Amino acid sequence: MKEELINDILQHMLSSLDNMQMRHLEQVLKQSFLYYDVIDTEKNVEKDDTDDIVERFISAKRIEGCSEKTLKYYQTTIDAMVVAVNKNVQRIQTEDLRLKCENKICSAGINRKRGWKKILE
């Protein structure tokens, strides 16, 4: 629960802070919450807007001039990642992708050197 709260705070601060500030904020939050328990008092049902987010990403890439072949590759790769990670796309962390890439996705046939490796670096 602490991680989710920290991730929510970081997500909201993305547009206001640079990478160094984000890392510092994350460290401060983790240290600050170290001796506290976080309890969700509301049972919020999180809307899964993965399809909408992916559709907007693909649309943006289409506007940028990517070929239909590239767009199809992006769509297939993203779909495989979302299924493998099994999280709302807004909750996916870089570490989730690294672990899944190492353990499942890459072994399932996605070319690590051309696809996921570039994404994760």
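**View 1. Helix 3 and helix 4 make a right-handed crossing.** In this predicted model, the axes of helix 3 and helix 4 come within 10 Å and cross at roughly 155 degrees. Because angles over 145 degrees count as roughly antiparallel, helix 3 is roughly antiparallel to helix 4. On the side of helix 3, the contact is made by T50, V54, F57, I58, K61 and R62, and on the side of helix 4 by E68, L71, Y74, Q75, I78 and V82.

**View 2. The largest nonpolar core has ten residues.** This core is made up of V54, I58, L71, I78, M81, V82, V85, V89, I92 and L97. Helix 3, which spans residues 50-64, and helix 4, which spans residues 68-85, each supply at least two residues of the core, and the largest share, five residues, comes from helix 4. One of the core residues, V54, touches Q75 and I78 when residues up to four places away in sequence are not counted. V54, Q75 and I78 also take part in the contact between the two helices, V54 from helix 3 and both Q75 and I78 from helix 4.

**View 3. A second core is separate from the largest one.** This second core has six residues, among them I6, M22, L25 and L29.

**View 4. T50 is a buried residue of helix 3.** The relative accessible area of T50 is 7%, and T50 counts as buried because this value is under 20%. The side chain of T50 reaches the backbone nitrogen of V89 at 3.3 Å. Leaving aside residues up to four places away in sequence, T50 touches V82, N88 and V89. Of these neighbours, V82 and V89 are also members of the largest nonpolar core, and V82 is listed, together with T50, in the contact between helix 3 and helix 4.

**View 5. K61 of helix 3 has a polar contact with E64.** The side chains of K61 and E64 are joined by this polar contact of 3.1 Å. When residues up to four places away in sequence are not counted, K61 touches C66, L71 and Y74. L71 and Y74 are among the residues that helix 4 brings to its contact with helix 3, to which K61 itself also belongs, and L71 is in addition a member of the largest nonpolar core.

Notes. Residues are numbered from 1 along each chain as its sequence is written. This is a predicted model: local features need pLDDT of at least 70, side-chain atom pairs count only at pLDDT 80 or more; totals for chains, interfaces and linings use all residues. Side-chain values use heavy atoms; hydrogens and water are left out. A nonpolar core is a set of buried Ala, Val, Leu, Ile, Met, Phe, Trp, Tyr and Cys residues joined through side-chain atoms within 4.5 Å. Buried means under 20% relative accessible area, exposed over 50%, partly exposed in between (1.4 Å probe, protein chains only). Helices (H or I, at least four residues) and strands (E, at least two) are DSSP runs, numbered from the N terminus. Contact means heavy atoms within 4.5 Å. A polar contact is a pair of N or O atoms within 3.5 Å; within protein, one must be able to donate a hydrogen and the other to accept it, and residues adjacent in sequence count only if both atoms are side-chain atoms. Axes are lines fitted to C-alpha atoms, for helices over the stretch in contact, and angles run from 0 to 180 degrees between N-to-C directions. Angles under 35 degrees count as roughly parallel, over 145 as roughly antiparallel, 65 to 115 as roughly perpendicular and the rest as oblique. A crossing is left-handed if the near helix is turned anticlockwise from the far one by less than a right angle, and right-handed if clockwise.
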